[in-house]
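This report describes the arrangement of strands, helices and charged side chains in one protein chain. Please keep the sequence and the structure in view while reading.

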Amino acid sequence: MKKLAIISPTNLPIPAIKGGAVETGIQQIIDENEKKKKVHIDIFSYYDKLAEEKSKKYKETDFYYYKENKIEEIRNFIIRSLNYIFRKLNIKFKINTRRGYAKYIQTILRKEKYEAILIKNAVDLVVPISKATKARICLQLHNDFLNKDIYHNRQIVNACDRIITNSEYIKKCVLTIEEAKQTKIFINKNCLEVERFYNVTKQEKEQLMKKYNINSKNQIILFSGRMVPQKGIKELLYSIEKLPSDMNWKLYVIGSKWFSQNTKDAFQKEIMEISRKLGDKVEFIGFVQYNEIPIWDKVANVIVFPSIWEEPAGRVAIEAQAAGTPLIISDAGGIKEYVTQNSAIIVKRGQDFSENLAKEILKVLRDSKLKENMSKAGIENSRNYTVEHYYEEIIEEIGIGEKDE
C-alpha cells in the first residue's frame, strides 16, 4: 500500500480534540481513509496526551508526535513576539518557530519512504522537508500564506510538486508569484460531514435549548467563529442595534479567541462592553464542542458570517447551508465561492456594512417564504462538499490515487 505523510501545521493536535479548521480537515481525511483504505497515512503532529489516546483507534494511520521542551517553549514565545512586531511594522520577514518540529520530521522522513508528503498550511516547512525526502511535495493552503510578499516565496513554490488551495481567491494569491505555474495549482474546497447536519433530531434541538435556556419564542441570530476583529463580530453587534427592539429576536455568539481556549483579551472585553447596551438581546456562549455545532445551526433562524478580512473560505458557510438555515455573509475573499445566489445573501463591506447587514437580517426574520427557499437551496448546495468527495479529490490531486501518474 502506498504511503502518505501529512504534516499538521500548529500546536493543535491530531486527532482534532482541541478544534481547528485545518486540524479538523486532517481528521476527516484519516477518518475517511479508515473506510476507503486507499493509502497508509503517517500523521506528524504536536503532542497531546488525550490526542495520543484517541489515535490508538486508527488502523490505517500511524502518528508521530513532537513534544517541545521548555527551552523551545521560551524561545518560540520570544520569536512569536518578534514576528508580531515585524507584522505591525510591515516588515516582510518572519522567524521560524518550528525549527525543532522541522528537524524531528526530517529525521523520520529520512528513514521512511513515502510516495507523497502533504504539508497543511505550513509554508515555512516546505523547503526543509523537501531536503529530507524524494517524495512528491504537496502544499495545501487554507489561508493566504503564499504570495509575492511572503519571504522566500520563490524557493517555496519551486520546492512544491503540487499546490492545493481551498478557493479560487487563494489560488490567485499564489499566482502573484512569478514562478507559480498554474498547472501546479489545484482547488479542493473544504468539506463537511453533511449527514450530521441533515440528521439533527427534534430531541437534540430541545435538549440544547434547555441546556442554554433558549426561549422558543425568540428568532435566533447566530454568530459562530473566533472572537477576533477580522471575523466581523463588532460590525454585527452594531448592526443588531438597529433591529426593532420590540421584535422577538436574540443574538447568540459561540466561539472564543482561539478555538477551545475560553480566555478574554482586550478586544473581547471591548465586545462585551458594546453588548451591554443590548441587554438580554445578546448572549455569549463561548467555546462549544464541535458535536454541538450542527444542533446550534439547526436551532438558529439565520446565521451571519460577517468577516471583514479576506476570508480564504470558511467552514461556517457550508455548515449553515447543510443545516438548511438562511445564511448572510460578507463579500470577503473566497466565502462567496461556497454559496449560490439562492442559498445565501451577500453583503458588501464598506462604510454602510453594519446598516446593510441589519436590513438583510430583518428581511430574513420577517419573510418565512424567503427562509424556506434559502433553506432548500442551501441543503442542495451543501451536497457538493461531502467528506468523501474531498478525500477522493485530495488523493487524486497529490498523485497517489487511481489516476496516479
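The sections below treat two sheets, then the salt bridges, and then a patch on the surface. The model is a predicted one.

**The sheet of seven strands**

Strands of a sheet pair through backbone hydrogen bonds, in either a parallel or an antiparallel manner. One open sheet has seven strands in the order β3-β2-β1-β4-β5-β6-β7, and its pairing is parallel. At its edges stand β3 (61-66) and β7 (185-187), each of which pairs on one side only. On average, neighbouring strands of this sheet are turned by 20° against each other, with direction ignored.

Within this sheet, strand β5 (residues 136-141) and strand β6 (residues 162-165) are paired in the parallel sense over four bridges. Here L139 stands opposite I163 of β6. Helix α1 lies across β1, β2, β3 and β4 (116-120), and it runs at about 155° to β2.

**The sheet of six strands**

A further open sheet contains six strands, ordered β10-β9-β8-β11-β12-β13, with parallel pairing. Its edge strands are β10 (282-286) and β13 (344-347), and each pairs on one side only. Neighbouring strands of this sheet are, on average, turned by 20° against each other when direction is ignored.

Strand β8 (residues 219-224) pairs with strand β11 (residues 302-305) in the parallel sense, over two bridges. The bridge partner of L222 in β11 is I303. Helix α13 (residues 315-323) lies across β8, β11 and β12 (327-330), running at about 170° to β11.

**Salt bridges**

Side chains of opposite charge can pair when their charged atoms come close. How many salt bridges does the structure hold? The total is 27 salt bridges. The table lists some of them.

| Salt bridge | N to O distance |
|---|---|
| K18 and D48 | 3.2 Å |
| E311 and K231 | 2.9 Å |
| E270 and K234 | 2.9 Å |

The side chains of K18 and D48 meet in a salt bridge. This pair links distant parts of the chain, 30 residues apart: K18 is in the loop between β1 (3-7) and α1 (21-36), while D48 is in the loop between β2 (40-46) and α2 (49-55). K18 is partly exposed, with a relative accessible area of 35%. D48 counts as buried because its relative accessibility is 13%, and buried means under 20%.

The side chains of E311 and K231 also form a salt bridge. Because E311 lies in the loop between β11 and α13 and K231 in the loop between β8 and α10 (233-240), the pair ties together parts that are 80 residues apart in sequence. Both E311 and K231 are buried.

A salt bridge also joins E270 and K234. E270 belongs to helix α11 (residues 266-276) and K234 to helix α10, so this pair ties together parts that are 36 residues apart in sequence. E270 is partly exposed at a relative accessible area of 34%, and K234 is partly exposed at 21%. Elsewhere, salt bridges that share partners join E32, K35, K36, K38, E388 and E392 into one network.

**A nonpolar patch on the surface**

Which residues form a nonpolar patch on the surface? They are I74, F77, I78, L82, Y84, I85, L89, I91, F93 and Y151, which together have about 990 Å² of accessible area. One of them, L89, is placed in the loop between α3 (70-88) and α4 (99-109). Is L89 buried or exposed? L89 counts as exposed because its relative accessibility is 57%, and the cut-off for exposed is over 50%.

Note on methods. Residues are numbered from 1 along each chain as its sequence is written. This is a predicted model: local features need pLDDT of at least 70, side-chain atom pairs count only at pLDDT 80 or more; totals for chains, interfaces and linings use all residues. Side-chain values use heavy atoms; hydrogens and water are left out. Patches are made of residues with over 30% relative accessible area and no salt bridge: like charges are joined within 9 Å, nonpolar side chains (Val, Leu, Ile, Met, Phe, Trp, Tyr) within 5 Å. Accessible areas come from the Shrake-Rupley method with a 1.4 Å probe; for residues, only the protein chains shown count as cover. A salt bridge is a side-chain nitrogen of Lys or Arg within 4 Å of a carboxyl oxygen of Asp or Glu. Buried means under 20% relative accessible area, exposed over 50%, partly exposed in between (1.4 Å probe, protein chains only). Two strands pair if DSSP finds at least two bridges between them. Axes are lines fitted to C-alpha atoms, for helices over the stretch in contact, and angles run from 0 to 180 degrees between N-to-C directions. Contact means heavy atoms within 4.5 Å.
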